[in-house]
Amino acid sequence: MEFQLIKTTPKSVYSTLENIITPLICGKYELLRTPNGKPYIEGNPLHFSITHSGNIAFIATANVPVGVDFELIRERNIAVTLNRFTDREKNYIANRLEKFYENWVAKEAFIKMLGQTLATHLKRLEYFDGKLYFDGIQKHVSIRHISGGICAVCLKYSEEKL
C-alpha cells in the first residue's frame, strides 16, 4: 500500500483536492464530513486526509484509510503538553522540540486515519524511538521532515484490527 503526498496552500487545498478527485469519479460527487470533521466522498475508493500549518498544506491520498498531519517547527513551551505523555515519551523527547513535533504529528495522523479525535484516544497512543503504538501494538507511520516542519502519514493496513 502506498500513499501520495501533495503539497499545496491552505487557500487552494480544496481546489487541489478537486483536481485529484475529479478524474477518478464519474459524475457528480459531494464532499461530506464525518461527525468528527474528516472529509470524505460517499462510495469513493479514494481515501484522503488534509492538514495545514502556517501557509503550507498537504493532502495525502491512498486506496485505504489514510491520515496526515503537518506542523511547522516553531518555538513553543511544551512543558504543559508533556504532562499528558508517558515517561518513555518524555525521555525520548528530552525537551527536543523536533522530537516533540514528531510525536504530535504521528498521533494526529493516526487519529485522523481513524476518523476520531485526540481527546478520545490520546491515552491509548504512545510514540517513542520513532515508533507509534496504539494499545501497545506497533502501528505504521511515515515521518518526513519537509518544508520547515514535520509531516506524518498513517495508513490502515488490511490485517490491522483497530
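Helix α4 covers residues 97–114 (helices being DSSP runs of H or I with at least four residues, strands runs of E with at least two, numbered from the N terminus). Its 18 residues should span 26 Å at 1.5 Å a residue (1.5 Å times one less than the number of residues), and the end C-alpha atoms are indeed 26 Å apart, so the two agree. All this comes from a predicted model, where local features need pLDDT of at least 70 and side-chain atom pairs pLDDT 80 or more, while totals for chains, interfaces and linings use all residues. Numbering starts from 1 along each chain as its sequence is written, and side-chain values use heavy atoms, without hydrogens or water.

Most of α4 is covered: 14 of its 18 residues are buried (under 20% relative accessible area with a 1.4 Å probe, protein chains only; exposed is over 50%, partly exposed in between). After the helix comes G115, with a positive phi near 80 degrees.

Now for the rings. There are 7 aromatic pairs in the structure (Phe, Tyr or Trp six-membered ring centres within 6.5 Å; stacked under 30 degrees between planes, edge-to-face over 60, tilted for the rest). One of them is F100 with W104, stacked at 6.3 Å centre to centre and 20 degrees between the planes. These two sit 4 residues apart in α4, so about one helical turn separates F100 from W104. F100 counts as buried because its relative accessibility is 1%, and W104 does too, at 18%.

F110 and F134 make a tilted pair, 5.0 Å centre to centre with 45 degrees between the planes. This pair links distant parts of the chain, 24 residues apart: F110 lies in α4, F134 in strand β8. Both F110 and F134 are buried.
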